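Me: I would like to go through the labels used for this structure and the reasons behind them. Can we take them one at a time?

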Amino acid sequence: MRITLWGTRGSLAAAGPETVGYGGHTSCVEVRGRDGTFLVLDAGTGIRRLGATVGPEVARVDILLTHLHMDHIQGLGFFQPLYESEQEIHVWGPRSATLDLRARLARYLSPPLFPVRLRDLPCRLTLHDVPLEGFQIGGLKIVAAFICHPGPTVGYRITEGSTTVAYLPDHEPALGASNFPGAPDWTSGFDLADGVDLLIHDAQYSAAEYPEHIGWGHSAISHTVGFAAAAGVKRLVTFHHDPGHDDLTLDRLIEEARGAFELPFQLLAGVEGARFNLAGR
Ligand SMILES: [Zn+2]
Ligand SMILES: [Zn+2]
């Protein structure tokens, strides 16, 4: 698998000279299988630049949404392949007890919020409630599970052969856990991240900021590190950076995390444009 980060910011795009190092685009990650299987994880503003790289050689695109907060769907209408009549596109998202995925996406992809209606997009578009029992797209095996975040939200675990990546961009596993992460079996998202080669995980807050944001659905970087250690991951990529954190702040948070903990894994900062090649073991 080849993984490319097209947007690593959380909550709101944050363009400007102070964020140019980590990037300002919101959540979007490309996953390419060895056989060409093409997944897009979330449709934040980073998806626009990814769309410009999709040529006619791509037979099918699958967009896997973790949830429908704006920072994860705002780029969708700007994904150029949606306007190609021959392009096959599948959008997967968590089921909700109220409205189906089409109805919920159409709230944004319709006037007055957006000029084009979802039903008028020219591509060959199919929408799916993401199954929770595991499913296959091309050569990639996918498991989705609900995780702790406001509103229906899933994380994804994607496997190709012996190689696995997990993506939990919006996640507060420490919420309500008195001895986090002391009880892995009872920890939100644990099964998705268990033993993965690469974990891409929410790291929105500093430890000092977290107490003011309990229940907002995000992690302090210390929680992210604790979760990754409990899950026995090989590499951790911090993700969903707070829009108020400039490059200097993010550098400092990563350095503090590296210094404060005896890390049993490689800790990497989620920088827009970063690419990871996961070779089979
Ligand atoms: Zn988010
Ligand atoms: Zn969210």
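Reply: We can start with the metals, keeping in mind that this is a predicted model. The zinc ion (ligand 2) and the zinc ion (ligand 1) are 3.5 Å apart, and D170 coordinates both.

Me: What makes H67, H69, H149 and D170 donors of the zinc ion (ligand 2)?

Reply: A donor is an N, O or S atom within 2.8 Å of the metal. NE2 of H67, ND1 of H69, NE2 of H149 and OD of D170 lie 2.1 to 2.6 Å from the zinc ion (ligand 2), so they count as donors. Along the chain their spacing is H-x1-H-x79-H-x20-D.

Me: Why is the site of the zinc ion (ligand 2) called irregular?

Reply: The angles among its four donor atoms run from 91 to 170°. Four donors count as tetrahedral if all angles lie between 85 and 135 degrees, and 170° falls outside that range. Square planar would require all angles other than those of opposite donors to be between 65 and 115 degrees. The site is classed as irregular.

Me: How do you know that H67 and H149 tie together distant parts of the chain?

Reply: H67 is in the loop between β4 (60-64) and α2 (70-73), and H149 is in the loop between β8 (140-146) and β9 (154-160), so the parts they join are 82 residues apart in sequence.

Me: Why are H67 and H149 called buried?

Reply: Buried means under 20% relative accessible area. H67 has 1% and H149 has 9%, so each meets the cut-off.

Me: What makes the pair of W92 and F135 stacked?

Reply: Ring centres must lie within 6.5 Å to pair, and planes under 30 degrees apart count as stacked. For W92 and F135 the centres are 4.7 Å apart and the planes are at 25°, so the label is stacked. W92 belongs to strand β5 and F135 to strand β7, so the pair connects parts 43 residues apart in sequence. Both W92 and F135 are buried.

Me: Why is the pair of Y167 and F239 called edge-to-face?

Reply: Planes over 60 degrees apart get that name. Y167 and F239 have 75° between the planes and 5.7 Å centre to centre. Y167 is in strand β10 and F239 in strand β12, 72 residues apart.

Me: What makes the link between H201 and H171 a polar contact?

Reply: The limit for the N or O atoms is 3.5 Å, and the side chains of H201 and H171 are joined at 2.9 Å. H201 lies in strand β11 and is buried, with a relative accessible area of 0%.

Key. Residues numbered from 1 in each chain as written. Chains lettered and ligands numbered in written order. Predicted model: local features only at pLDDT ≥ 70, side-chain atom pairs only at ≥ 80, totals over all residues. Heavy atoms only, no water. Helix = DSSP H or I, 4+ residues; strand = E, 2+ residues; numbered from the N terminus. Buried < 20%, exposed > 50% of the residue type's maximum accessible area, 1.4 Å probe, protein only. Polar contact = N/O pair within 3.5 Å; in protein donor to acceptor, adjacent residues only side chain to side chain. Phe/Tyr/Trp six-rings, centres within 6.5 Å; stacked < 30°, edge-to-face > 60°. Donors = N, O, S within 2.8 Å, 3.2 Å for Na, K, Ca; no water. Tetrahedral: all angles 85-135°; square planar, octahedral: opposite > 155°, others 65-115°.
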